[in-house]
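Trainee: Could we go through this structure together, one question at a time?
Mentor: Gladly; have it open beside you as we talk.

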Amino acid sequence: MTETRDVAVVGGGAAGLSAALVLGRARRTVTVADAGEPRNAPAAHMHNYLGRDGTPPAEFLAIGRKEAEGYGARVVDARVERIEREGRDGPFRLLLDDGEVLEARRVLIATGLKDELADIPGLREGWGDYVLHCPYCHGYEVRDRPIGVLGTGPHAVRQALMLKKWSADLVFFPHEQEIADEDRLRLEARGVHVIGGRIRGLVAGGAGLTGVELDSGTVVPREAVFAPSTMVPSGELLDGLGCARDGDGSASTDAMGRTGVPGVWAAGVVADPMAQVIVAASMGSRAAFAIDHDLIEEEVEQAVSEYRGR
């Protein structure tokens, strides 16, 4: 028979493993199902995580797994295809792509998000190396170098204004975006050089990025570019459970990660696309506390009912 675990965590990133660690220490039976597709896999190092700054993402996750497993958590390398539940109070059934079925009293969705990139040749190939997305994550590593910001997202102008303090040699490429007069004024006042024209592609070699090529044939020398992506939370399982989503596609939750569906929580970038690793880990811990309290309340109610029935 399938064992019913206290909690099933979907996603073995910072949020999911942090939750598993807390729940394991709380003596809960917990299983983490991980598809092995971390968002930051292309990056060589992660930053802004106190005590772990500069750690390679794969190393960080390996440490997290070991710590969670040390407190009894089980981690399985599998994708959750769908989640079912019979009635409002029955256990959740998680169907994995390897044929296994997990049962759990509570579920935490920590499936992360996907970065959709503009259709510019060279963008995907350099993603996480010389094509970057977050000034706070990567700005320091390319400080004082020739940097470009590509107009590939709604916040591109804001990124250009931010990045000026990391490098004086900064170019904003609007690509196919129209720049509002006020934004153009702000860029000029900030000292950001604007070069118009559609981007044909990125020029790179063995040493990395060498420039941004425009449709005109002009190649503007650059050593790194920031290309805002469209962040798409991986919320298919949330949809299947009937959980609401916010306008940006992220899971709609309360401050503790509780969704509107009883027994279901969400944490990490699936609930906050702007969360860095350290924030995602905090969200996982916070959700774990709430889940444990929820289970305790259920157990106390059941104990009182049985006690009265004696």
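What follows is a set of questions and answers on burial, contacts and salt bridges in this predicted model.

Trainee: Let me begin with a strand residue. Is D115 buried or exposed?
Mentor: D115 sits in strand β7, which covers residues 113-116. Its relative accessible area is 11%. The cut-off for burial is under 20%, so D115 counts as buried.

Trainee: Which side chain makes a polar contact with the side chain of D115?
Mentor: Start from the neighbours: leaving out residues up to four places away in sequence, D115 touches R39, R124, W127, S229, T230 and M231. One of these also pairs with the D115 side chain in a polar contact at 2.7 Å. That partner is the side chain of S229.

Trainee: Now to a helix. Is α5 largely enclosed, or is it open?
Mentor: Helix α5 spans residues 156-163. Its buried residues are A156, V157, Q159, A160, L161 and L163. Because six of its eight residues are buried, α5 is largely enclosed by the rest of the structure.

Trainee: Which elements do the buried residues of α5 pack against?
Mentor: Both helices and strands take part. The helices are α4 (135-138) and α6 (181-190). The full set of packing partners is α4, β9, β10, α6 and β15.

Trainee: Let me turn to the cysteines C137 and C243. What are their relative accessibilities, and how many disulfides are found?
Mentor: C137 counts as buried at 15% relative accessibility. C243 is buried too, with a relative accessible area of 7%. As for disulfides, a search of the whole structure gives zero.

Trainee: How many salt bridges does a search of the whole structure find?
Mentor: Here is one of them as a start: the side chains of R28 and D292 meet with N to O at 2.6 Å. The search of the whole structure gives a total of 26.

Trainee: How many residues apart are R28 and D292?
Mentor: The salt bridge between R28 and D292 links distant parts of the chain. R28 is in the loop between α1 (14-25) and β2 (30-34), while D292 belongs to helix α8, residues 277-308. The separation is 264 residues.

Trainee: Are R28 and D292 buried or exposed?
Mentor: R28 has 10% relative accessibility, so R28 counts as buried. D292 has 15% relative accessibility. D292 therefore also counts as buried.

Trainee: Which residues are linked with R28 and D292 in a network of salt bridges?
Mentor: R28 and D292 are both members of this network. The other names in it are D6, R105, R106, D254, R258, D294, E298 and E299.

Trainee: What about R198 and E176: how many residues apart in sequence are the parts they tie together?
Mentor: Their side chains form a salt bridge at 2.7 Å, N to O. R198 is in the loop between β11 and β12 and E176 in the loop between β10 and α6, so the pair ties together parts separated by 22 residues in sequence.

Trainee: Which of these two counts as exposed?
Mentor: R198, at 40% relative accessibility, counts as partly exposed. Exposed requires over 50%, and at 54% the residue that counts as exposed is E176.

Trainee: Last one: how far apart are the closest N and O atoms in the salt bridge of R200 and D215?
Mentor: R200 is partly exposed at 39% relative accessibility. D215 is likewise partly exposed at 39%. In their salt bridge, the closest N and O atoms are separated by 3.8 Å.

Methods. Residues numbered from 1 in each chain as written. Predicted model: local features only at pLDDT ≥ 70, side-chain atom pairs only at ≥ 80, totals over all residues. Heavy atoms only, no water. Helix = DSSP H or I, 4+ residues; strand = E, 2+ residues; numbered from the N terminus. Buried < 20%, exposed > 50% of the residue type's maximum accessible area, 1.4 Å probe, protein only. Polar contact = N/O pair within 3.5 Å; in protein donor to acceptor, adjacent residues only side chain to side chain. Contact = heavy atoms within 4.5 Å. Disulfide = S-S within 2.5 Å. Salt bridge = Lys/Arg side-chain N within 4 Å of Asp/Glu carboxyl O.
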